[in-house]
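Ready for a few exercises at the viewer? Open the model, work through each task, and then compare your reasoning with the solution below it.

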Amino acid sequence: MGEALIAAAAALAAGAAVYVAAGARVIKQYERGVVLRLGRLLGTPRPPGFTMVVPVVDRLRKVNMQIVTMPVPAQEGITRDNVTVRVDAVVYFKVVDPAGAVIQVEDYRFAVSQMAQTSLRSIIGKSDLDDLLSNREKLNQGLELMIDSPAVEWGVTIDRVEIKDVSLPDTMKRSMARQAEADRERRARIINADAELQASKKLAEAAQQMAEAPSALQLRLLQTVMAVAAEKNSTLVLPIPVELLRFLERGHPEQEAAPEPRSRPASTSPVEDPTDSATRAELADPTDSATPAELPDSPGSAAPPELTDPPGSAAALPPHRTPDAPPVAPHFPPVTPDNPTPTE
């Protein structure tokens with residue numbers, strides 16, 4: 001009898017030990033335990049540490065409270081400016097309500113992943129290519145809001161969302177490279193033109209200074225010669241010595257100070273006096289002492305040549321004669337027997 005009681009007690013103790021071992025649970029620090037008793041939520045989630053559940057009656061679901069890093073597969077879409085791109089991202093989220101993550105959604109990880117992919121496609125369609133490449137912070141904030149709105153009901157909060165990479169077609173990459181190269185070339189030309197403008201202003205100031213001091217130009221020439229000769233790969237020939245240049249510079253002011261020679265006036269015919277015509281005739285023929293009026297006309301003798309006035313000598317004519325009047329032939333007496341010719 002006693003042995004039967006001892007055996008029953010031992011069996012009962014063994015069954016209690018098995019029951020306790022079956023109901024014992026250990027929850028880690030980063031986890032929370034959601035207990036479902038006969039399919040119904042039992043109280044608040046169990047804190048970390050050792051806890052007991054009723055075997056066969058209770059079911060314990062452990063929920064990880066750590067931040068989960070979930071990569072979003074690359075999504076291909078068309079931007080607002082009709083460019084086909086592939087964008088992938090990464091989502092950081094964590095569970096803030098263990099009971100809601102277990103009760104509200106079947107698999108909160110899968111739900112967050114699908115929601116992230118859908119939101120990423122929507123962001124691609126609403127954005128331009130330039131925004132995807134340069135304004136990613138704004139896109140990240142918009143993507144975070146789109147994912148976080150439905151996730152709040154699931155007991156999940158989105159910590160942050162980051163767009164990792166934007167893949168472009170090869171043709172678009174070449175076009176962007178040409179655009180960047182053209183922009184760089186434009187900026188280089190503008191900078192070069194600005195430098196030329198500043199250099200021209202400085203050269204104009206230097207030219208004014210050298211004009212005031214001619215010796216500065218010679219010093220500049222010597223400096224240029226030294227700079228060229230420093231390379232030692234060419235031969236420099238100066239055909240004009242510097243002393244000659246100085247001599248020419250000293251003579252140039254004297255030449256400017258000397259008066260210009262007066263131009264020689266055009267030759268004009270002297271004013272003739274009608275009374276001098278006889279005197280010129282006598283000087284021309286000293287054998288004839290008689291005046292032309294005393295010489296008789298001989299048969300066949302020609303009239304003496306008329307004296308023509310040079311052009312522009314209208315002012316030298318006597319008062320009784322005008323420039324337009326015809327020349328008057330000299331008067332000779334008629335030839336008669338009483339008045340023989342000089343040859344007879």
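## Exercise 1: The nonpolar core

This is a predicted model. Its largest nonpolar core has 35 residues, and those with the most contacts inside it are Val85, Val91, Phe93, Tyr108, Val112, Val156 and Ile158.

**Task.** Work out which elements give two or more residues to this core, and which of them provides the largest share.

**Solution.**

Step 1. Begin with the contributors: two or more core residues come from each of β6, β7, α2 (98-103), α3, α4 (129-134), α5 and β8.

Step 2. Now look for the largest share, which belongs to α3 with 7 residues.

Step 3. Take Val91 as a worked case. Leaving aside residues up to four places away in sequence, Val91 touches Val68, Thr69, Met70, Val72, Val112, Ala116, Ile147, Ile158, Arg160 and Val161.

Step 4. Keep a general tendency in mind: in soluble globular proteins, nonpolar side chains tend to be buried together.

## Exercise 2: A sheet and the helices on it

**Task.** Find the strand order of the sheet that contains β6, β7 and β8, then place helices α3 and α5 against it.

**Solution.**

Step 1. The order is β6-β7-β8, an open sheet of 3 strands with antiparallel pairing.

Step 2. Identify the edges. β6 (68-78) and β8 (156-167) each have a single partner strand, so each has one side without a neighbour in the sheet.

Step 3. Check the twist: on average, neighbouring strands here are turned by 25° against each other, direction ignored.

Step 4. Follow one pairing in detail. Strand β7 (residues 84-95) and β6 are joined over 9 bridges in the antiparallel sense. Glu76 has Arg86 in β7 as its bridge partner, and Val68 stands opposite Phe93 in β7.

Step 5. Add the helices. Helix α3 (residues 108-126) packs on the sheet and touches β6, β7 and β8, its direction making about 35° with that of β6. Helix α5 (residues 136-151) also packs on the sheet, where it touches β7 and β8; its direction makes about 140° with that of β8.

## Exercise 3: Two loops with a positive phi

**Task.** Where do Leu38 and Asn82 lie, and is each buried or exposed?

**Solution.**

Step 1. Leu38 is in the loop between β2 and β3. Its phi is near 50°, a positive value in a residue other than glycine.

Step 2. Compare the accessibility of Leu38 with the cut-off: exposed means over 50% relative accessible area. Leu38 counts as exposed because its relative accessibility is 71%.

Step 3. Turn to Asn82, found in the loop between β6 and β7. The hairpin of these strands has 5 residues between them, and Asn82 takes a positive phi near 60° there.

Step 4. Apply the cut-off again: at 66% relative accessibility, Asn82 counts as exposed.

## Exercise 4: Val63 and the other sheet

**Task.** Locate Val63 in its strand, describe the sheet that contains this strand, and decide whether Val63 is buried or exposed.

**Solution.**

Step 1. Val63 belongs to strand β5 (residues 58-64).

Step 2. β5 is part of an open sheet of 3 strands in the order β3-β2-β5, paired antiparallel. The edge strands, β3 (40-41) and β5, each pair on one side only.

Step 3. Look at the β2 and β3 pairing. Strand β2 (residues 31-37) runs antiparallel to β3, and 2 bridges join them. In β3, Leu41 is the bridge partner of Leu36.

Step 4. Val63 has a relative accessible area of 4%, so it is buried.

Step 5. List its surroundings. Not counting residues up to four places away in sequence, Val63 touches Tyr30, Glu31, Arg32, Val34, Val95, Pro98, Val102 and Tyr108. The C-alpha atoms of Val63 and Val95 are 8.0 Å apart, with these positions 32 residues apart in sequence numbering.

## Exercise 5: A pair of helices

**Task.** Describe how α6 and α7 cross, and which classes of residue make their contact.

**Solution.**

Step 1. The axes of helix α6 (residues 170-212) and helix α7 (residues 214-229) come within 4 Å and cross at roughly 120°.

Step 2. On the α6 side are Met210, Ala211 and Glu212, which meet Pro214, Ala216, Leu217 and Arg220 in α7.

Step 3. Sorted by class, this contact has 5 nonpolar, no polar and 2 charged residues.

Key. Residues numbered from 1 in each chain as written. Predicted model: local features only at pLDDT ≥ 70, side-chain atom pairs only at ≥ 80, totals over all residues. Heavy atoms only, no water. Pairing = 2+ DSSP bridges. Axes fitted to C-alpha atoms, helices over the stretch in contact; angles between N-to-C directions. Contact = heavy atoms within 4.5 Å. Core = buried A, V, L, I, M, F, W, Y, C linked by side-chain atoms within 4.5 Å. Buried < 20%, exposed > 50% of the residue type's maximum accessible area, 1.4 Å probe, protein only. Nonpolar A, V, L, I, M, F, W, Y, C, P; charged D, E, K, R; others polar.
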